[in-house]
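Work through the exercises below with the sequence and the model open side by side. Try each task before reading its solution.

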Amino acid sequence: MAEIVYPPVIGAALTVFRALDLKITVEGAEHIPRTGGAVLVSNHISYLDFIFAGWAARPAGRLVRFMAKKEVFDHRISGPLMRGMHHIPVDRAAGAAAFGAALKSLRAGEVVGVFAEATISRSFTIKEIKNGAVRMAVGAKVPMIPVSLWGTQRLWTKGHPKKLLQRHVPITIQVGEPMYPQRGDDYDAVTADLRERMAGMLDKAQRSYPEIPRGVWWQPRHLGGTAPTPEEAAKLDAEEAEARTARDLS
């Protein structure tokens with residue numbers, strides 16, 4: 001497919017990152033295949049995660065097609081960019097179409113990016129995840145690659161003001177070893193294994209992060225920060241979902 005939009009967007013991001021002197025560290029990039037399809041499964045802590053998760057594929061020379069909620073494609077600014085980069089819209093009311101589009105991309109040899117938690121984790125821990133990524137990998141007969149991001153939440157996340165012009169922020173991107181789920185596997189068990197791997201990678205990134213202050217909002221509670229606990233975050237998510245449903249019905 002023609003790549004008219006994606007390369008300039010990457011170039012612009014690189015220019016901004018250099019200007020802000022973001023300290024981006026990528027570990028395990030060799031796990032992303034240079035050819036063929038793959039499902040890249042990342043945690044989700046920031047509105048900018050698709051940029052940094054996609055950054056992990058740069059050493060392999062790959063462009064990642066991310067699955068993102070339809071509302072992003074409907075926006076007058078982000079919509080044309082998302083479509084131009086051939087990302088995949090996800091309509092909550094018609095998820096089968098997005099799943100089919102993802103399978104088509106994977107079978108065509110593309111790398112498809114998935115945020116398995118579906119929404120941003122307010123607690124900065126790994127939320128419960130569904131088995132969609134596993135089913136995609138099995139359906140397309142491609143590997144599934146876990147990714148963990150840390151530091152991106154400091155730039156722009158749910159419930160906090162944007163701080164897009166912060167300088168010198170460390171960003172850690174970790175890429176885990178590929179997983180190869182097969183037809184006949186217990187998909188929920190494989191998903192649990194995936195979540196455990198992602199949680200372990202995230203914990204490593206958090207504990208080895210260059211800045212580990214206590215009492216800051218962007219640090220998880222179990223590491224001395226003031227982010228909501230997973231239970232508190234789940235309650236906030238439920239309240240947000242109820243409010244969204246009420247708006248849709250009004």
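The model is predicted.

**Exercise 1.** Decide how strand 5 (residues 111-115) is placed: is it enclosed by the rest of the structure or open? Then find which strands pair with strand 5, and in which sense.

*Solution.*
- Step 1. Take the faces one at a time. Val111, Gly113 and Phe115 lie on one side, and Val112 and Val114 on the other. Both faces are covered.
- Step 2. Apply the cut-off: buried means under 20% relative accessible area. Five of the five residues of strand 5 are buried, so the strand is largely enclosed by the rest of the structure.
- Step 3. Look for partners. Strand 2 (residues 38-42) runs parallel to strand 5, and five bridges join them. Alanine 38 has valine 111 as its bridge partner in strand 5.
- Step 4. Add strand 3 (residues 64-69). It pairs with strand 5 over three bridges, in the parallel sense. Here phenylalanine 66 stands opposite glycine 113.

**Exercise 2.** Do the analysis for strand 7 (residues 170-175): which residues point which way, and which strands are joined to strand 7 by bridges?

*Solution.*
- Step 1. Recall the general pattern: side chains in a regular strand alternate between the two faces of the sheet.
- Step 2. Sort the residues. Pro170, Thr172 and Gln174 point one way from strand 7. Ile171, Ile173 and Val175 point the other way.
- Step 3. Check burial. Six of the six residues are buried, so strand 7 is largely enclosed by the rest of the structure.
- Step 4. Assign the partners. Strand 1 (residues 23-27) is parallel to strand 7, with five bridges. Strand 6 (residues 144-150) is antiparallel to strand 7, with four bridges.
- Step 5. Follow threonine 172. Threonine 25 has it as bridge partner in strand 7, and tryptophan 150 stands opposite it.

**Exercise 3.** Describe how helix 6 (residues 132-140) packs on helix 7 (residues 187-207): what are the angle and the axis distance?

*Solution.*
- Step 1. Read the geometry. The angle is about 115°, and the axes are 9 Å apart.
- Step 2. Classify the angle. Helix 6 is therefore roughly perpendicular to helix 7.
- Step 3. Give the hand. Helix 6 passes helix 7 in a right-handed crossing.
- Step 4. Name the contacts. Val134, Arg135 and Val138 of helix 6 meet Tyr187, Val190 and Thr191 of helix 7.

**Exercise 4.** Which residues does the UniProt domain annotation cover, and how much of the span is helix and strand?

*Solution.*
- Step 1. The unreviewed UniProt entry annotates residues 38-152 as "domain: Phospholipid/glycerol acyltransferase".
- Step 2. The span is 36% helix and 23% strand. Its end C-alpha atoms lie 23 Å apart.

Key
Residues are numbered from 1 along each chain as its sequence is written. This is a predicted model: local features need pLDDT of at least 70, side-chain atom pairs count only at pLDDT 80 or more; totals for chains, interfaces and linings use all residues. Side-chain values use heavy atoms; hydrogens and water are left out. Buried means under 20% relative accessible area, exposed over 50%, partly exposed in between (1.4 Å probe, protein chains only). Helices (H or I, at least four residues) and strands (E, at least two) are DSSP runs, numbered from the N terminus. Two strands pair if DSSP finds at least two bridges between them. UniProt positions are given in the numbering used here, feature names are shortened, and annotations may be inferred rather than shown by experiment. Axes are lines fitted to C-alpha atoms, for helices over the stretch in contact, and angles run from 0 to 180 degrees between N-to-C directions. Angles under 35 degrees count as roughly parallel, over 145 as roughly antiparallel, 65 to 115 as roughly perpendicular and the rest as oblique. A crossing is left-handed if the near helix is turned anticlockwise from the far one by less than a right angle, and right-handed if clockwise. Contact means heavy atoms within 4.5 Å.
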